[in-house]
Amino acid sequence: MRIFDPHIHMTSRTTDDYEAMAAAGVRAVVEPAFWLGQPRTNVGAFADYFDSLVGWEPYRASQFGIRHHATIALNPKEANDPRCRDVLDLLPRYLAKDGVVAVGEIGYDSMTPEEDEAFAAQLALAIEFELPAMVHTPHRDKARGTTRTLDVVAESGIEPGRVVVDHLNEVTVGQVRESGCWMGFSIYPDTKMSPPRMVEILKEHGLERMLVNSAADWGRSDPLLTRATGEAMLAAGFTADDVDRVLWRNPVEFYGQSGRLDLSELGEVAATFEGSSIKRGGS
């Protein structure tokens with residue numbers, strides 16, 4: 001089973017996680033810029049973080065045979081902090097870099113006017129730099145937030161097929177599917193989405209434009225839940241080709257629109273971890 005995790009915050013994870021992911025079949029990841037849990041107080045803090053996403057993390061991943069790409073953005077939560085607004089002026093420097101395959105995470109946290117402005121401005125940057133966009137839907141009032149998200153996407157003029165609307169559930173997946181955007185699902189131990197629920201969604205809505213991720217941030221999460229979802233799909237009667245489509249070919253198709261996806265083989269490094277014991281968790 002080959003796996004491309006299209007949304008995982010490896011900055012929050014250990015090298016043990018990288019090793020376990022490689023053993024589980026993870027060969028590529030995309031790490032979105034996000035809120036680190038501690039408020040940042042100046043633009044320089046973002047520059048340091050972005051430098052790590054495009055420099056240090058790709059190196060760290062390569063030691064385990066994993067290709068690492070990033071998405072760059074001012075996240076919705078910090079869009080409300082006036083100390084962070086000038087990050088919008090910093091973004092073009094990073095959106096031009098080879099390892100950056102989308103603008104993200106953008107979208108909504110509390111659905112404030114400040115988030116509206118940052119969301120629209122960053123969708124415009126996605127169009128300008130010819131990049132896909134990764135959109136974060138709010139944890140609260142998700143149905144209303146998803147509707148508002150799709151309205152802003154439509155108003156921006158970006159092609160729906162270049163947008164993934166993430167953190168979806170059974171309530172929100174239908175309207176995103178109808179919009180033509182890609183559908184993203186974060187598989188968590190306790191919240192958001194579980195492998196069995198994900199299997200039922202795939203049964204009902206099909207495999208097209210579906211992205212399954214572990215998100216795996218600084219909270220309780222598991223970077224191997226993509227693998228667990230693939231195993232649940234097989235147990236439910238999906239074929240190995242179906243699993244490969246969801247866990248590999250779909251993210252390749254979506255991020256391939258950036259023209260910057262590098263999935264060249266890492267040879268012996270990846271083979272070293274193939275088939276070794278798989279450890280779960282370990283944040």
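What follows is a walk through a predicted model, from its overall build down to a few single residues.

Taken as a whole, the protein contains 11 helices and eight strands. Its C-alpha atoms fit in a box of roughly 50 × 40 × 35 Å along the principal axes. For 283 residues, a compact globule would be expected to have a radius of gyration near 19 Å, and the protein comes in at 17 Å, which agrees. Some 54% of the 283 residues count as buried. On the outside, the protein exposes about 11100 Å², and carbon and sulfur atoms supply 50% of that area. Long-range contacts show up too: take the contacts between residues at least 6 apart in sequence, and 76% of them join residues at least 24 apart.

Next comes the sheet. The eight strands make up an open sheet with parallel pairing, and they are lined up in the order β1-β2-β3-β4-β5-β6-β7-β8. The edges belong to β1 (3–5) and β8 (210–213); each has a single partner strand, so one side of each is left without a neighbour in the sheet. Going from one strand to the next, the twist averages 25°. Strands of a sheet, in general, pair through backbone hydrogen bonds, either parallel or antiparallel. One pairing here is that of β3 (residues 67–72) with β4 (residues 100–107): the two run parallel and are joined by three bridges. Within this part of the sheet, Thr-71 has Ala-102 in β4 as its bridge partner. Strand β4 also has helix α5 for company: α5 (residues 113–128) lies across β4 and β5 (133–136) and runs at about 160° to β4.

Another helix, α6 (residues 142–156), holds Thr-149. Is this threonine buried or exposed? Thr-149 has a relative accessibility of 0%, so it counts as buried, the cut-off being under 20%. Leaving aside residues up to four places away in sequence, Thr-149 touches Tyr-108, Phe-119, Val-135, Thr-137 and Val-165. Of these contacts, Phe-119 falls within the residue range of α5, and Val-135 within that of β5.

Finally, the cysteines. A disulfide is a covalent bond between the sulfur atoms of two cysteines. How many disulfides does a search of the whole structure find? The count is zero. Two cysteines can still be placed with respect to the surface: Cys-84 is buried, with a relative accessible area of 0%, and Cys-181 is buried as well, with a value of 1%.

Conventions: Residues are numbered from 1 along each chain as its sequence is written. This is a predicted model: local features need pLDDT of at least 70, side-chain atom pairs count only at pLDDT 80 or more; totals for chains, interfaces and linings use all residues. Side-chain values use heavy atoms; hydrogens and water are left out. Two strands pair if DSSP finds at least two bridges between them. Helices (H or I, at least four residues) and strands (E, at least two) are DSSP runs, numbered from the N terminus. Axes are lines fitted to C-alpha atoms, for helices over the stretch in contact, and angles run from 0 to 180 degrees between N-to-C directions. Contact means heavy atoms within 4.5 Å. A disulfide is a pair of cysteine sulfur atoms within 2.5 Å. Buried means under 20% relative accessible area, exposed over 50%, partly exposed in between (1.4 Å probe, protein chains only). The radius of gyration is taken over C-alpha atoms; the globule rule is 2.2 Å times the number of residues to the power 0.38. Accessible areas come from the Shrake-Rupley method with a 1.4 Å probe; for residues, only the protein chains shown count as cover.
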